[in-house]
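Reader: I have the sequence and the model open side by side, and I would like to go through the fold with you step by step. Could we begin once both are shown?

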Amino acid sequence: MIPSNSIRRIALIAALLAAPGLHAAEVAGVKIEDSLRVGGSELLLNGAGIRSKLFIKVYVGALYVGRKSTAAAAIIDSQQPRRVIMRLLRDLDAETLSSAMDEGLRANNPPAELAEMKTQTDQLIGIMKGIGKAREGDTIAIDFSAEGVTVGLNGETRGKVAGPGFAKALLKVWLGDKPADASLKKALLGG
């Protein structure tokens with residue numbers, strides 16, 4: 001016979017595990033935290049999904065915001081901190097990382113605006129190339145703020161690009177009218 005205090009413990013654990021919001025989400029076997037702290041701000045998981053290219057799973061992406069929203073424009077235009085996390089599901093070389101960012105910027109921003117941000121775009125590409133070969137399981141975090149963009153790899157800052165306009169332009173890679181992956185955009189927006 002099982003002691004009654006053991007049954008109560010098991011019931012309590014089951015109830016805690018079943019309660020919404022008390023555990024992290026999981027996408028493709030990758031645990032996604034419900035919230036995280038960036039600087040002095042608490043950010044909430046807005047959504048998470050898989051970035052695929054030609055049926056190949058590339059990374060699990062997660063979007064963190066100060067206030068949840070299903071409206072891409074509201075998140076892009078926000079002055080509050082935001083973070084995109086990419087947890088790699090395969091190895092990616094520096095050229096692939098940098099060209100994907102450049103391609104996403106060109107697809108979602110007018111040529112005149114891109115010309116004005118050429119220095120920042122070059123800085124970002126330099127940071128991505130500086131990462132070198134990112135390995136399966138690595139985490140690339142991109143923080144968006146009123147000051148610009150900060151890129152990190154596995155918790156270590158790899159570089160910064162100044163400019164709030166550039167932060168908005170880069171966020172459009174995932175949330176713009178021509179995102180890198182439409183199904184990922186929908187997932188990041190909580191859909």
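Reader: Which residue of strand 5 does lysine 53 stand opposite?

Author: Please keep in mind that this is a predicted model. Strand 4 covers residues 41-53 and strand 5 covers 56-65, and the two pair in the antiparallel sense over nine bridges. Within this pairing, the residue of strand 5 that stands opposite lysine 53 is isoleucine 56.

Reader: Which residue in the turn between strand 4 and strand 5 has a positive phi?

Author: The two strands form a hairpin that leaves two residues between them. In that turn a positive phi of about 50 degrees is found, and the residue that takes it is leucine 54.

Reader: On the side of strand 3, what is the bridge partner of leucine 36 in strand 4?

Author: Strand 3, residues 35-38, pairs with strand 4 in the antiparallel sense over four bridges. These two strands also form a hairpin with two residues between them, where glycine 39 takes a positive phi near 60 degrees. Across the pairing, the partner of leucine 36 is leucine 43.

Reader: Which helix gives the largest share of the lining of the largest pocket?

Author: The largest pocket holds about 510 Å³ of space and is lined by 23 residues, with Arg51, Lys53, Val58, Thr96 and Ala100 nearest its centre. By class, the lining has 13 nonpolar, three polar and seven charged residues. Strand 4, strand 5, helix 3 (94-108) and helix 6 (164-175) each supply at least two lining residues, but the largest share, eight residues, comes from helix 3.

Reader: Why does the length of helix 6 agree with what its number of residues would suggest, and how far apart are its end C-alpha atoms?

Author: Helix 6 has buried residues that include Phe166, Leu170 and Trp174. Its 12 residues, taken at 1.5 Å a residue, should span 16 Å, and the model agrees because the end C-alpha atoms are apart by 16 Å.

Reader: Is lysine 31 buried or exposed, and what is its relative accessible area?

Author: Lysine 31 is found in strand 2, residues 30-32, and, leaving aside residues up to four places away in sequence, it touches Ala25 and Glu26. Its C-alpha is 9.7 Å from that of valine 60, although the two are 29 residues apart in sequence. Since exposed means over 50% relative accessible area, lysine 31 counts as exposed, with a value of 62%.

Notes. Residues numbered from 1 in each chain as written. Predicted model: local features only at pLDDT ≥ 70, side-chain atom pairs only at ≥ 80, totals over all residues. Heavy atoms only, no water. 1 Å grid on protein atoms, 1.4 Å probe; cavity = no way out; pocket = protein on both sides within 12 Å on 5 of 7 lines; lining within 4 Å. Points joined across faces, edges and corners; volume = space filled by probe spheres on them. Nonpolar A, V, L, I, M, F, W, Y, C, P; charged D, E, K, R; others polar. Pairing = 2+ DSSP bridges. Buried < 20%, exposed > 50% of the residue type's maximum accessible area, 1.4 Å probe, protein only. Contact = heavy atoms within 4.5 Å. Expected span 1.5 Å × (residues − 1).
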